[in-house]
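Dear colleague,

I am passing on a structure that you have not worked with before, and I would be glad if you could look it over alongside the notes below.

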Amino acid sequence: YEAVRPVFEHIVLQLTEVTREELTQPVFTAMDVFEYPELHDESIATNNFFRLLCKLMLTSGVKDFSWRDVFKPEPARLRRHLSA
């Protein structure tokens, strides 16, 4: 995960009009539903990143991209995703 995420994050930032700050910014109206919103700071940034990455992969023709491809990538699938 630690080796693959920066690569995917760089791709997302370069190919979308999203900045790193926007990627980590939570939707404040959504934060109101959590009893302890401070516990979700990192997970919201991760979900924002993954949502944009999935959208980019779908646009690139990768229809079966999942969390596993970021957190536990397999070499053949990673090569395919980076080529897309």
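Is phenylalanine 50 buried or exposed? In this model, which is predicted, phenylalanine 50 has a relative accessible area of 11%, and because buried means under 20%, this residue counts as buried.

The aromatic rings are the main topic of this message. The count of aromatic pairs comes to four, and one of them joins phenylalanine 50 to phenylalanine 65, with 6.0 Å from centre to centre and 25 degrees between the planes, which makes the pair stacked. This pair links distant parts of the chain, since phenylalanine 50 belongs to helix H4 (residues 41–59) while phenylalanine 65 lies in the loop between H4 and helix H5 (68–71), 15 residues apart. Phenylalanine 65 is buried as well, at a relative accessibility of 11%.

A further pair is made by tryptophan 67 and phenylalanine 71, whose ring centres are 5.5 Å apart and whose planes stand at 35 degrees, so this pair is tilted. Here tryptophan 67 is partly exposed, with a relative accessible area of 36%, and phenylalanine 71 is likewise partly exposed, at 39%.

Taken as a group, Phe8, Phe50, Phe65, Trp67 and Phe71 form one aromatic cluster, and this cluster therefore includes the residues of both pairs described above.

Finally, there is a contact between a charge and a ring to look at: arginine 5 lies over the face of phenylalanine 49, at 4.3 Å from the ring centre.

With kind regards

Terms used: Residues are numbered from 1 along each chain as its sequence is written. This is a predicted model: local features need pLDDT of at least 70, side-chain atom pairs count only at pLDDT 80 or more; totals for chains, interfaces and linings use all residues. Side-chain values use heavy atoms; hydrogens and water are left out. Rings of Phe, Tyr and Trp (its six-membered ring) pair if their centres lie within 6.5 Å; planes under 30 degrees apart count as stacked, over 60 as edge-to-face and the rest as tilted. Helices (H or I, at least four residues) and strands (E, at least two) are DSSP runs, numbered from the N terminus. Buried means under 20% relative accessible area, exposed over 50%, partly exposed in between (1.4 Å probe, protein chains only). A charge sits over a ring if NZ of Lys or CZ of Arg is within 6 Å of the ring centre and within 35 degrees of the ring normal.
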